[in-house]
Amino acid sequence: MRRFLLPVVVLFFFIMESTAVDLVLIPSFSEDMFYVPRFTLLLLIFVSVYVRDGLAITYAIVFGLLHDIVYTEILGVYLFAYPFLTYLSGKALKILQNNAFVVLLVGMLAISILEFYVYGIQLIISLNPLNFYEFANRRLLPTLAVNSIAGLVIIYPLKSFLTGLKRQTED
């Protein structure tokens, strides 16, 4: 039963990415600003830090492919980005201290890299009418703000859940 708990939690975060946009209205954002919840990537980075790198990369491959299938029209964008960013974040946090603040900071850096990566791909295939200034002000900053707040809210419950899960699997 315990082995199915983590996939269910990751699937819950994956579903929450799309529903959070409809459920959470931020009044301080203007109408032309929008944010992209990256809860799954944050969770995968937490799994990389608090459980195991290999398990997090496996989930990153599966949920990156699922993200491509469900949310985008191009296969491979998130399939490549999620495992790569999870791997880099996990390795960076092996070198750095893995306290909650540093983990959240590395998570925001990973989300920034993901947003620039997706923006670059959209520019190459000309799907994105935003110039860089509009991208930074209308998408990147609100995305980082929302994901930072979400990360602050979920990091301590997830840290205790994931360390408890790791302890149970080691026994």
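Which side chain has a polar atom 2.8 Å from the backbone nitrogen of G76? In this predicted model, the side chain belongs to D68. D68 lies in helix α3, which spans residues 53-71. The side chain of D68 also reaches the backbone nitrogen of Y78, at 3.0 Å. Two backbone nitrogens, those of G76 and Y78, thus lie by one acidic side chain.

The charge of D68 has no partner in a salt bridge, although the residue is buried. R38 is the nearest side chain of opposite charge, and R38 is 8.7 Å away. A salt bridge requires a separation within 4 Å. Beyond its neighbours within four places in sequence, D68 is in contact with I74, L75, G76, V77, Y78 and L79. Both G76 and Y78 are among these contacts.

Helix α4 covers residues 77-95. F80 and F84 belong to this helix. Their rings form an aromatic pair, one of 12 in the structure. The centres are 5.5 Å apart, and the planes meet at 10°. The pair counts as stacked because planes under 30 degrees apart are classed that way. F80 and F84 are 4 residues apart, so about one helical turn separates them. Neither ring belongs to a buried residue: F80 is partly exposed, with a relative accessible area of 48%, and F84 is partly exposed at 38%.

Aromatic residues also group elsewhere. F14, Y59, F63 and Y71 form one aromatic cluster. Y59, F63 and Y71 fall within the residue range of helix α3, the helix that also holds D68.

Technical notes:
Residues are numbered from 1 along each chain as its sequence is written. This is a predicted model: local features need pLDDT of at least 70, side-chain atom pairs count only at pLDDT 80 or more; totals for chains, interfaces and linings use all residues. Side-chain values use heavy atoms; hydrogens and water are left out. Helices (H or I, at least four residues) and strands (E, at least two) are DSSP runs, numbered from the N terminus. Buried means under 20% relative accessible area, exposed over 50%, partly exposed in between (1.4 Å probe, protein chains only). Lys and Arg count as positive and Asp and Glu as negative; His and the chain ends are not counted. A polar contact is a pair of N or O atoms within 3.5 Å; within protein, one must be able to donate a hydrogen and the other to accept it, and residues adjacent in sequence count only if both atoms are side-chain atoms. Contact means heavy atoms within 4.5 Å. Rings of Phe, Tyr and Trp (its six-membered ring) pair if their centres lie within 6.5 Å; planes under 30 degrees apart count as stacked, over 60 as edge-to-face and the rest as tilted.
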